[in-house]
Amino acid sequence: MNLSPEQKIAGVLAPLFALRTETDLGVGDLEGLRQFIDWAAGIGFKIVQLLPINEMGGDHSPYNAISAVALEPTTLHLAPGSPEDLSQGDFDDVIARNDLEKLRKGAVRHDLVRRLKIDLLERSFVNFSRRTGEDAAHTADFNAFCESEQAWLSDYAFFRALMEENGNTERWDQWREEHRTVDLAREWLAAQTAEVQQRFSERESFFKYVQWVAFDQWSAVRTYASDRGVGLMGDVPFGVNYYSADVYSRRDEFALDWSGGAPPEPYFKDDEFTQKWGQNWGIPLYRWDVMRTRDLSWWRQRIRGVRKIFHVFRIDHVLGFYRIYAFPWRPQRNPEFLPLSWDEMRGRTAGMIPQFYPRDDSTWENCEANRREGEDYLRMVLEEAGDTRVVGEDLGTVPHYVRPSLRSLGVATFKIPQWENYDDGRSIPGHEYHRFSVATYATHDHKPLRALCQEAAAMANPSEQRDVVKIAEFSGAPPPEASGEFESTFYPRVMEALFRSESWIAIVMITDLLARKDRFQLQLEPANAKDRGGFGNEPNDSETHGDHPRIAQEDRENLATNEHGFSRITESSFPKSVFNPCSSVAK
């Protein structure tokens, strides 16, 4: 499909878990996404942006996946015949063992939903295996998938089977001693009885089967979106989870003694650690020297997986390709370091200090080396991406050479209107935005506009007050002083200003499109996990942890009776005038 920057297009960001339907199994899935694509196409949107869709670990964070390629099983649409080997009887039997009515209400109960969906996939796999013995042709596609994806799939399946041997935790450094490295685990397996080896092999086959089903369903949705004239936009975190199949299987390609993150940011007034030390995300650093000897094969297979599903993808923290801020301690130790002085910190790290890796930007030579190496890595990404468009999330402390470098490569950059200013502090108007950019008021990291305005009005946070003033300046609307002003004057003009900007893509979060104050808060990196619960009942309640229940609870009844599930939101949730600029940009 044509997503050329010559034509301005509008998009909407929505977390997949929130795209609920009347028939879901407790979480938004690919059926909900199909309905959302229909709704988006009807409005005139040409992009649907999603959060990362790789398989999540025990913290249920899409930014902390246990594989850089494997897809999250709970995103799958499971029903009789979907996948092909899931029978009506098996489906009914599994559903009868679960309180589906409870799962469909309130917050996402990740652990319960995962168990339910894995049980259904287990039943389907048993039927698939039974048919395999009767008809070898039935497994031709599966065998072809396993062969083509062997570079990552075998290591992943081995890791997942070992997880089951260790209480389903991905924390490989807490596994049984004989499982903590690949070599030790394979020696352990070779010493087991034939029966144990057979069972382990069957578990590996099951996890490969799940990924076969997942890539098949996601590829079908990609085609569906293309047919509706809508592009799917994915999200690729720069880093990878310390507790992932990738790190476990390819340990020599990662520097495990260092944790990637971001330098101190005064903007985060409510986060003392970030203001003092920075953001410690806990991601291991890449050993680029080792990766280069292998032609960056790990990164190449990662991007190949992304392009099979998305028409566009965003690289979260694209700055990391140039240099990344690193901590000589794991994030679990952040509370220990928070009160320390610089000298006291050095005393506990053998003299190592937080710093940029592979080098800082303190000299012209360093800047040139960082720029040159970053461009080399991004050229590899673009090579593997092919005709899939690439966007770089370039927010934070951005070196002067990064944005010109990204534009020279053909990587679109971000424009956050409240942060785009001339040197004298005046807001840069949207008609001056570089065409090869993506404009948005908020990403998943930010509060929705209504919540931002309400908190700014309460004068609780000076930075939020400043953001509202800058958004008002950008849009030409007066800052709202009351709730009624938000809906009658501020909101329509703010939306119109965004969609009329010169950016290639203008994206709005679904919560902002609905003018809601609900935040789809996620548990991000474990760095500052103390208060990063979510929309469950309690931050550390694993059954309810992590997600807002729906796009908007009061819209639910409207969605249920509509053929496409989402269309009627347009009439009930925001002014029609807002969609005039949106549609004119999108079509």
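**Notebook: burial and contacts in a predicted model**

I looked up Cys-453 and found this residue buried, with a relative accessible area of 7%. I note at the outset that the model is predicted.

I turned next to Cys-367, which also counts as buried, at 7% relative accessibility. Both values lead to that label because buried means under 20% relative accessible area.

I then asked how many disulfides the structure holds. The count is zero. A pair of cysteine sulfur atoms would have to lie within 2.5 Å to be entered as a disulfide.

I moved on to the protein as a whole. I recorded 23 helices and twelve strands. The protein has 587 residues, and 59% of them count as buried. For its accessible surface I noted about 23900 Å², with 47% belonging to carbon and sulfur atoms.

I also looked up how contacts are spread along the sequence. Among contacts with a separation of 6 or more, 73% join residues 24 or more positions apart.

For a single position I chose Leu-120, which lies in helix 4, residues 110-134. Is Leu-120 buried or exposed? I found Leu-120 buried, with a relative accessible area of 0%.

I asked which residues Leu-120 touches, leaving aside those up to four places away in sequence. I listed Leu-25, Leu-78, Leu-86, Asp-90, Phe-91 and Val-94.

From that list I followed up Leu-86. Leu-86 and Leu-120 are 34 residues apart along the chain, and I noted a separation of 7.3 Å between their C-alpha atoms.

Terms used:
Residues numbered from 1 in each chain as written. Predicted model: local features only at pLDDT ≥ 70, side-chain atom pairs only at ≥ 80, totals over all residues. Heavy atoms only, no water. Buried < 20%, exposed > 50% of the residue type's maximum accessible area, 1.4 Å probe, protein only. Helix = DSSP H or I, 4+ residues; strand = E, 2+ residues; numbered from the N terminus. Contact = heavy atoms within 4.5 Å. Areas by Shrake-Rupley, 256 points an atom, 1.4 Å probe, with all protein chains shown as cover.
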